[in-house]
Amino acid sequence: MAKSDVKVLGAWPSPFVMRPRIALNLKSVDYEFLQETFGSKSQLLLQSNPVHKKIPVLIHGDKPVCESLIIVQYIDEVWTSGPSILPSDPYERAIERFWAAFVDDKLFPSLRLMRGAEGEEKKAVVEQLTESLVLLDEAFEKCSKGKPFFGGDGIGYIDIALGSILGWLRVTEKISRVKLLDEAKTPRLVKWADRFCADGAVKDVMPETDKLIEFNKMLMAKMKGAPPNQ
Amino acid sequence: MSNEVVLLDFWASMFGMRIRIALAEKGVKYEHREEDLRNKSDLLLKMNPIHKKIPVLIHNGKPVCESLIIVEYIDEVWKDKCPLLPSDPYQRAQARFWADFVDKKVYEVFKGVWLMWAKKGEEHEAAKKEFFEIFKILEGELGDKPYFGGETFGFVDISFITFYSWFHAYETFGKFSIEAECPKIIAWVKRCMQKESVAKTLPDQKKILEYAVQLRKRFGLE
């Protein structure tokens, strides 16, 4: 398939955009990464995702696929010669889908709440986040069955869903001066996170924490209406 | 191989209804257990310790949670009859997209109307506007097809039709008519209701209205 046959519309800081990129890398599929300009939405984006107007969008041929986890499943189902992202057993698939949904429904919203949270509110959100991460740490034990990833020997669906949050998790840890991934409370996830970030399919796509912190500063400044720092 | 299927459910839950329809479409025999949501059973708390919610499908002792995940599971296990998802990956992605839309947006505007029932004037109008914006998007997606799935009843139809049982309640409290604004949706509803799996699953709308009234009193919204 020619490179221009597969396009990903996105932006480098977005954890959701990372997901299809990791999936395509796992499948060794070449693609064109079209980055949206921060603060505006391209015609192509508005045409390809008229309902939500959000990134990521995968454009395969000329057909758009939207919603990051739906895109990952699509990639898994189309490029069957590469390693499988979801297992073949229906029960295992249901478990993987459950935990990926958990990341989206519980972790991401809590992480967003950390932004600007202080005092009691911050304490409550940190507690929520820690609780969720502890549950995922336990899930890792069951899903990995002694292997390096949730998916087993190689990166799988939950790895992609959860791993994509690591960049922003680390930014939150630095900015809010909290420890979320902790050797005491989530020992398995701490080690898994290092393995995930070092993986060939991930390392060029995972943004550096420092770059994300800079990006976050700009975001916060824009949100407050002040001019961004140079 | 034994095939024990138990469904932990609540009669008025649109999410639980999805499972009953899917199992009926596949002709799967199962044990239906009604939960009292104010007094959840030990079994429910054991089978869904994370969310403690229904529906939960227990297949040979192993729990599956989250309604759309359960429907996909049912489709994959009982794959020889009545496919609920298309076989083409692009069509499957579209089906998942629209079912996800129903989960995110329809449920959201339903909640919006619920909360706005007691309010009047501008806020009521705003909630009503949002409600119909979402319904019109769905109407657009349905187009002239008999079902969201095309010629056959499928995943998106299952995800949305269960909300029909609550239409009368919402129309009563929201003081609007869904048929007047979205006739194609109602036409689609009537088509779906001709299917035995749907007609036998969806509870009577008047019963849902009675239940909704009770709930509102309980939450002090009356």
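Contact means heavy atoms within 4.5 Å. This is a predicted model: local features need pLDDT of at least 70, side-chain atom pairs count only at pLDDT 80 or more, and totals for chains, interfaces and linings use all residues. Residues are numbered from 1 along each chain as its sequence is written, chains are lettered from A, and side-chain values use heavy atoms, without hydrogens or water.

**Exercise 1.** List what B:Trp166 is in contact with, leaving aside neighbours within four places in sequence.

*Solution.*
- Start at the lower numbers: B:Ala12 and B:Met14 are among the contacts of B:Trp166.
- Next, include B:Phe110 and B:Trp114.
- Finish with B:Ile208, B:Tyr211 and B:Ala212.

**Exercise 2.** Place B:Trp166 in the largest nonpolar core.

*Solution.*
- Define the core: buried Ala, Val, Leu, Ile, Met, Phe, Trp, Tyr and Cys residues joined through side-chain atoms within 4.5 Å.
- Buried means under 20% relative accessible area (1.4 Å probe, protein chains only).
- The largest core has 155 residues. B:Trp166 ranks with B:Phe135 and B:Phe160 as those with the most contacts inside this core.
- Helix 4 of chain B (residues 89-116) gives the most to this core, 13 residues.

**Exercise 3.** Describe the fold of chain A.

*Solution.*
- Count elements as DSSP runs (helices H or I, at least four residues; strands E, at least two). Chain A has nine helices and four strands.
- Read their order: β-α-β-α-β-β-α-α-α-α-α-α-α.
- Check compactness over C-alpha atoms; the globule rule is 2.2 Å times the number of residues to the power 0.38. Chain A has a radius of gyration of 18 Å, close to the 17 Å that the rule gives for 230 residues, so it is as compact as a globular protein of that length.
- Of these 230 residues, 52% are buried.

Terms used. Buried means under 20% relative accessible area, exposed over 50%, partly exposed in between (1.4 Å probe, protein chains only).
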